[in-house]
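Here are some exercises to work through with the model open on your screen. Try each task before you read its solution.

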Amino acid sequence: MSLLKRFTNSPRALVVSYLLLIVISGFLYWVFEEGKHPGDAIWWAVVTASTVGYGDMYPETWAGRVLAGILISVMVLFVIPLITAHFASKLIVDNDAFQHEEQEEIKNQLREIRAIVARLDPAAATEARARLDAVADRTEHPGTP
């Protein structure tokens, strides 16, 4: 699963997979549709994958039509949503969120403060400990009130 996540989060991997999809589809179109020039086959793959479909070229064999259906489906159901999700995720990243190291530093500082509070007056220490526990809970579980 981590390989899939790494692959889908990489713009380079998405571009490479798109180009491979175009080249493989163009090659298969060229094989299935006899008499077509390889450059025309790549053009067909680009036009079909982009869902433009100019109509200047179209498959005439059943294998070519199945290929066109698969290519369109893969683009619409997988590639385009992955690209869109990648760019959308870049827009919604919270740059103000604490990093892991910052959270660990805050936890260490809270431990030091607890040690100081423990040496205080027992009555004041109980109240301060409760407040520190509340702060620690918010630090360990961000987003909870």
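## Exercise 1: Helix H3

Take helix H3, residues 38-49: at 1.5 Å a residue its 12 residues should span 16 Å, and the end C-alpha atoms are indeed 16 Å apart, so the two agree. (The expected span is 1.5 Å times one less than the number of residues; helices are DSSP runs of H or I, at least four residues, numbered from the N terminus.)

A word on ground rules. This is a predicted model, where local features need pLDDT of at least 70 and side-chain atom pairs count only at pLDDT 80 or more, while totals for chains, interfaces and linings use all residues. Residues are numbered from 1 along each chain as its sequence is written, and side-chain values use heavy atoms, leaving out hydrogens and water.

**Task.** Find which residues of H3 are buried, and which helices they pack against.

**Solution.**
- Step 1: pick out Ala-41, Trp-44, Ala-45, Val-47, Thr-48 and Ala-49, the buried residues of H3. (Buried means under 20% relative accessible area, exposed over 50%, partly exposed in between, with a 1.4 Å probe and protein chains only.)
- Step 2: look at what they pack against, namely helix H2 (11-32) and helix H4 (62-91). (Contact means heavy atoms within 4.5 Å.)
- Step 3: go past the end of H3, where Thr-51 follows with a positive phi, near 60°.

## Exercise 2: The cores

**Task.** Work out which helices supply the largest nonpolar core.

**Solution.**
- Step 1: find the core of 13 residues, where Leu-21, Tyr-29, Trp-44, Ala-45, Ala-49, Leu-71 and Met-75 have the most contacts inside it. (A nonpolar core is a set of buried Ala, Val, Leu, Ile, Met, Phe, Trp, Tyr and Cys residues joined through side-chain atoms within 4.5 Å.)
- Step 2: assign the residues to helices: H2, H3 and H4 each supply at least two, and H4 gives the largest share, five.
- Step 3: zoom in on Met-75, which touches Tyr-18, Leu-21, Ala-49, Ile-80 and Pro-81, not counting residues up to four places away in sequence.
- Step 4: look for another core apart from this one; it has five residues, among them Val-117, Ala-125, Leu-132 and Ala-136.

## Exercise 3: Two helix pairs

**Task.** Decide how H2 and H4 run relative to each other: parallel or antiparallel? Then do likewise for H5 and H6.

**Solution.**
- Step 1: H2 and H4 pack at about 170°, with axes 11 Å apart. (Axes are lines fitted to C-alpha atoms, for helices over the stretch in contact, and angles run from 0 to 180 degrees between N-to-C directions.)
- Step 2: H2 and H4 are therefore roughly antiparallel. (That means over 145 degrees; under 35 is roughly parallel, 65 to 115 roughly perpendicular and the rest oblique.)
- Step 3: sort that contact by class, and you get 15 nonpolar, three polar and no charged residues. (Ala, Val, Leu, Ile, Met, Phe, Trp, Tyr, Cys and Pro count as nonpolar, Asp, Glu, Lys and Arg as charged, and the others, Gly among them, as polar.)
- Step 4: now take H5 (residues 100-118) and H6 (residues 122-140), whose axes come within 10 Å and cross at roughly 170°; this pair is therefore roughly antiparallel too.
- Step 5: by class, the contact of H5 with H6 has 10 nonpolar, one polar and five charged residues.

## Exercise 4: Ile-72

**Task.** Is Ile-72 buried or partly exposed, and which residues is it in contact with?

**Solution.**
- Step 1: place Ile-72 in helix H4.
- Step 2: its relative accessibility is 36%, so Ile-72 counts as partly exposed.
- Step 3: leaving aside neighbours within four places in sequence, Ile-72 is in contact with Thr-48 and Thr-51.
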